[in-house]
Amino acid sequence: MKEIKLFIFDLDGVITSTDRQHFLAWSQLVEKLNLAMNEEINQSLKGISRKESFLKILKYNDKENLYSDEKISELIDLKNIYYKKLIESFDKSNVFPGVVELFEKLKDKGIKIAIASASQNAPRLLERMDLMNYIDYVVNPSEVANGKPHPDIFLRAANELNIKPQDCVGLEDAFAGIEAINSAGMISVGIGNESELPEADYIYNSVEEIDLKDLFNKIKSAFPILL
Ligand code: BG6
Ligand code: MG
């Protein structure tokens, strides 16, 4: 029987919004390199690692073989310098409405909380937003072999906390993230709209809209669940 023991949250787009900051940082780099990118490309970078993002930008520019691996590392480090400057001002006010309330309800129920973000800046952002004390485990994305849409990052969170994947709920705003949760054998909750996240088991417009009781009832009618 299923017993929900762990909620695993993506960060960017679920707990806070960093889209604009990533876009601005990439734009700064792209401009410096005389390359092009647009908002549509930026959307396709959701949930994708820094290096993979840059490779996608290069592909969009038909410049896949322009740089050596070493140069790529240097350039993505530079993007991160730009990005870190842009998130310097982050604080509690950047946390999406409803997140702290949901964390508190989960804690009251004895349900653990983990973060599975592709961002290496996740701990920095969580600290700035004063959320670290709610979180049982933050996966370091550089320690998992395959990024989203592979399930590795979600499985790592469950494994570290000794919880079976089927007892986990994963929350994601990106298509690749929902695929990762589904292939980890977890329950997937999409944050966004159904047309963008058609594979999510359940969907809400925002974390604020999640009514835990309603979600658990929905899960209960789909699977035998111990509440
Ligand atoms: C994801 C974002 O959470 O993290 C991506 O959705 C981003 O847009 C990725 O590229 C990596 O982030 P960072 O902070 O390690 O460059
Ligand atoms: Mg995201």
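How many residues of the lining of the largest pocket are nonpolar, how many polar and how many charged? Keep that in mind as you click around; we'll get there at the third stop. One thing before you start: this is a predicted model.

**Stop 1: the two domains.** Colour residues 6–16 and 95–222 as domain 1, then give 19–86 another colour as domain 2. Domain 1 is written in two pieces, 6–16 + 95–222. If you put a marker at the centre of each domain, taken over C-alpha atoms, the markers sit 25 Å apart. Where the domains touch, 9 residues from domain 1 and 9 residues from domain 2 make up the contact.

**Stop 2: the magnesium ion.** Select ligand 2, the magnesium ion, and show the side chains of Asp10 and Asp173 plus the backbone of Asp12. Asp10 and Asp173 each coordinate through OD, while Asp12 uses its O, with distances of 2.0 to 2.1 Å. Read along the chain, these donors have the spacing D-x1-D-x160-D. Now trace the backbone on either side of the ion. Aspartate 10 is in the loop between strand E1 (6–9) and helix H1 (19–32), and aspartate 173 is in the loop between strand E4 (168–172) and helix H8 (175–183), so this pair links parts of the chain 163 residues apart in sequence. Turn on a surface and check both: aspartate 10 and aspartate 173 are buried.

**Stop 3: the largest pocket.** Next, select Ile48, Ser49, Arg50, Ala118 and Ser119 and zoom in. Of the 33 residues lining the largest pocket, these lie nearest its centre. The pocket holds about 630 Å³ of space. Here's the answer to the opening question: the lining has 9 nonpolar, 14 polar and 10 charged residues. Keep your domain colours on, since domain 1 and domain 2 each give at least three residues to this lining. For the helices, highlight H1, H3 (50–60) and H4 (69–86), each of which supplies at least two lining residues. H3 gives the largest share, 4 residues.

**Stop 4: arginine 128.** Finally, go to helix H6 (residues 122–128) and pick arginine 128. Is it buried, partly exposed or exposed? Arginine 128 counts as partly exposed because its relative accessible area is 35%, between the 20% and 50% cut-offs. Show what surrounds it: apart from neighbours within four places in sequence, arginine 128 contacts Ile87, Glu88, Phe90, Asp91 and Lys92. For one last distance, draw a line from its C-alpha to that of leucine 197; the two are 69 residues apart along the chain and 29 Å apart in space.

Methods
Residues numbered from 1 in each chain as written. Chains lettered and ligands numbered in written order. Predicted model: local features only at pLDDT ≥ 70, side-chain atom pairs only at ≥ 80, totals over all residues. Heavy atoms only, no water. Buried < 20%, exposed > 50% of the residue type's maximum accessible area, 1.4 Å probe, protein only. Contact = heavy atoms within 4.5 Å. Donors = N, O, S within 2.8 Å, 3.2 Å for Na, K, Ca; no water. 1 Å grid on protein atoms, 1.4 Å probe; cavity = no way out; pocket = protein on both sides within 12 Å on 5 of 7 lines; lining within 4 Å. Points joined across faces, edges and corners; volume = space filled by probe spheres on them. Nonpolar A, V, L, I, M, F, W, Y, C, P; charged D, E, K, R; others polar. Domains from an automatic or database assignment.
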